[in-house]
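User: Could you walk me through this protein chain? I would like short answers that show the reasoning.

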Amino acid sequence: MCIGIPGKVTAVGCDSLQLATADVGGIAVKINISLIDEDDPQALIGQWVLIHVGFAMSLIDEEAALETLAALENMRTVGSAGAEY
């Protein structure tokens, strides 16, 4: 099992590397979209993707993305409060 982080594609490049920028919790990250780009990289702008080790692995819907981001944020805040596991 791997952990993927949701991000919203905000920009795409036009070179053979198929790099894009995604917003992940307010942070702009560079991602590779070669695994999900079929024909038109511009069509990915505004789409939510699941990111793992810098690669967009799949498209996901906004509801799932926001739920996952909320769960990750909850884990962060609980963990920073010194909760015992």
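**Fold, charges and contacts**

Analyst: Happy to help! The accessible surface of the protein chain comes to about 5,700 Å², and 59% of that belongs to carbon and sulfur atoms; accessible areas come from the Shrake-Rupley method with a 1.4 Å probe, and for residues only the protein chains shown count as cover. This is a predicted model, where local features need pLDDT of at least 70, side-chain atom pairs count only at pLDDT 80 or more, and totals for chains, interfaces and linings use all residues. Residues are numbered from 1 along each chain as its sequence is written, and side-chain values use heavy atoms, with hydrogens and water left out.

User: In what order do the elements of the protein chain run from the N terminus on?

Analyst: Helices (H or I, at least four residues) and strands (E, at least two) are DSSP runs, numbered from the N terminus. The protein chain has 1 helix and 5 strands. From the N terminus on, the order is β-β-β-β-β-α.

User: What percentage of the 85 residues count as buried?

Analyst: Buried means under 20% relative accessible area, exposed over 50%, and partly exposed in between (1.4 Å probe, protein chains only). Of the 85 residues in the protein chain, the buried share is 24%.

User: Is I3 buried or exposed?

Analyst: I3 sits in the segment before β1 (5–12). Contact here means heavy atoms within 4.5 Å; leaving aside neighbours within four places in sequence, I3 is in contact with I51 and H52. Because its relative accessibility is 59%, I3 counts as exposed.

User: Which side chain of opposite charge is nearest to D37?

Analyst: D37 lies in the loop between β3 (27–32) and β4 (48–52). Lys and Arg count as positive and Asp and Glu as negative, while His and the chain ends are not counted. A salt bridge needs a side-chain nitrogen of Lys or Arg within 4 Å of a carboxyl oxygen of Asp or Glu. D37 is buried yet has no such bridge, and the nearest side chain of opposite charge, 15 Å away, is K30.

User: Which residue forms a salt bridge with R76?

Analyst: By this rule the count comes to 1 salt bridge. R76 and its partner are 3 residues apart in helix α1, so about one helical turn separates R76 from E73. E73 is partly exposed, with a relative accessible area of 37%. The closest N and O atoms are 2.6 Å apart, and the partner of R76 is E73.
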